[in-house]
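Me: I want the reasoning behind each label in this structure. Take the labels one by one, and set each value against its cut-off.

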Amino acid sequence: MAIRPILVAGDPRLTTCAAPVTEFDAELAAFVEDLFETNTAAHGAGLAANQVGDPRAVFVYDLQDGGVRHRGHVVNPVLETSAIPETMPDPEDGEGCLSVPGERYPTGRADWARVTGVDVEGSPVTVEGHGYLARCLQHESDHLAGHLYLDRLIGRNQRAAKKMIKSRGWVGPGTSWLPGSDSDPFGR
């Protein structure tokens with residue numbers, strides 16, 4: 001197992017749709033373990049393959065929601081949600097991303113989400129939840145569709161994020177951070 005560098009906004013691999021997984025072998029299982037190890041080292045709630053530069057459609061999640069731990073992975077996920085609010089989100093609904101290190105912005109998300117797919121052995125998997133788990137499932141599915149949560153921002157939050165991206169110089173490939181080696185950009 002290995003901790004992998006996490007790509008930062010601006011890298012085109014983060015805006016490319018993931019490729020469906022067709023080979024279910026020991027290498028895929030080892031890669032999923034790397035994702036878990038990287039996510040843990042980064043203190044993340046979830047991590048998608050393209051965030052570490054891998055084009056496959058797979059993500060992991062490991063979070064606490066309402067005192068319950070949710071941990072797993074989904075290969076080739078398909079997302080369903082309840083209605084997504086179109087109004088300005090509550091300022092307390094800040095969302096962060098390991099590929100947008102150190103930043104949080106209010107992001108409108110559906111309260112309920114379900115992801116169906118398969119596991120590393122090709123067996124069917126369904127993950128369903130409300131609240132924080134639903135947010136995570138939407139966030140990681142967005143990654144695999146080539147979207148950062150910044151793409152979902154509206155109004156002043158969208159303007160602030162665009163300004164931040166420009167000021168940080170996150171406008172091209174090659175920027176990454178290594179959890180466990182680089183300082184934690186979220187201060188945890």
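**Cysteines, charges and cores**

Reply: A search of the whole structure finds zero disulfides, a disulfide being a pair of cysteine sulfur atoms within 2.5 Å. The model is predicted: local features need pLDDT of at least 70 and side-chain atom pairs pLDDT 80 or more, while totals for chains, interfaces and linings use all residues. Residues are numbered from 1 along each chain as its sequence is written, and side-chain values use heavy atoms, with hydrogens and water left out.

Me: How do you know that Cys17 is not bonded to Cys97?

Reply: Cys97 holds the closest cysteine sulfur to that of Cys17, and the gap is 16 Å. That is too far for a bond. Cys97 is in no disulfide either, as its nearest cysteine sulfur, in Cys136, is 11 Å away.

Me: What makes Cys17 exposed, and is Cys97 buried or exposed?

Reply: Three classes apply: buried is under 20% relative accessible area, exposed is over 50%, and partly exposed is in between (1.4 Å probe, protein chains only). Cys17 has 56%, so it is exposed. Cys97 has 3%, so it is buried.

Me: What class does Gly67 fall in, and where does Gly67 lie?

Reply: The relative accessible area of Gly67 is 70%, so Gly67 is exposed. Gly67 lies in the loop between strand E3 (58–65) and strand E4 (68–81). Strands (E, at least two residues) and helices (H or I, at least four) are DSSP runs, numbered from the N terminus.

Me: Why is Ile84 called partly exposed?

Reply: Its relative accessible area is 36%, so Ile84 is partly exposed. Ile84 lies in the loop between E4 and E5. Beyond four places in sequence, Ile84 is in contact with Gly108, Ala110, Gln138 and Arg152, where contact means heavy atoms within 4.5 Å. Ile84 and Gly108 are 24 residues apart in sequence, and their C-alpha atoms are 6.8 Å apart.

Me: How do you know that the length of H2 agrees with its residue count?

Reply: The expected span is 1.5 Å times one less than the number of residues. For the 14 residues of H2 that gives 20 Å, and the end C-alpha atoms are 21 Å apart, so the two agree. Just after H2, Gly146 takes a positive phi of about 85°.

Me: What makes H2 mostly covered?

Reply: Of its 14 residues, 12 are buried. The cover includes strand E2 (46–48), E3, E4, strand E5 (94–96), strand E7 (112–118) and strand E8 (124–130).

Me: What makes Asp54 and Arg56 a salt bridge?

Reply: A salt bridge needs a side-chain nitrogen of Lys or Arg within 4 Å of a carboxyl oxygen of Asp or Glu. For Asp54 and Arg56 the N to O distance is 2.9 Å. Both Asp54 and Arg56 are buried. By this rule the count comes to 13 salt bridges.

Me: Which residues are linked in a network of salt bridges?

Reply: Glu95, Arg109, Arg135, Asp142 and Arg152 are linked. Glu95 and Arg109 pair at 2.9 Å, N to O. They link distant parts of the chain, with Glu95 in strand E5 and Arg109 in the loop between strand E6 (104–106) and E7. Arg152 and Asp142 pair at 2.7 Å, N to O. Here Arg152 sits in the loop between H2 and H3, and Asp142 in helix H2. Asp142 is buried, with a relative accessible area of 5%, whereas Arg152 is partly exposed at 35%.

Me: How do you know that Glu140 has no salt bridge?

Reply: Lys and Arg count as positive, Asp and Glu as negative, and His and the chain ends are not counted. The nearest side chain of opposite charge to Glu140 is Arg109, at 8.3 Å. Glu140 is buried all the same. Its contacts beyond four places in sequence are Gly46, Leu47, Ala48, Gln51, Phe59 and Val60.

Me: What makes a nonpolar core, and which residues touch the most other members of the largest one?

Reply: A nonpolar core is a set of buried Ala, Val, Leu, Ile, Met, Phe, Trp, Tyr and Cys residues joined through side-chain atoms within 4.5 Å. The largest has 33 residues, and Val100 and Leu150 touch the most other members. Its largest share, five residues, comes from H1. A second, separate core has 17 residues, among them Ala45, Ala57, Tyr61 and Leu137.
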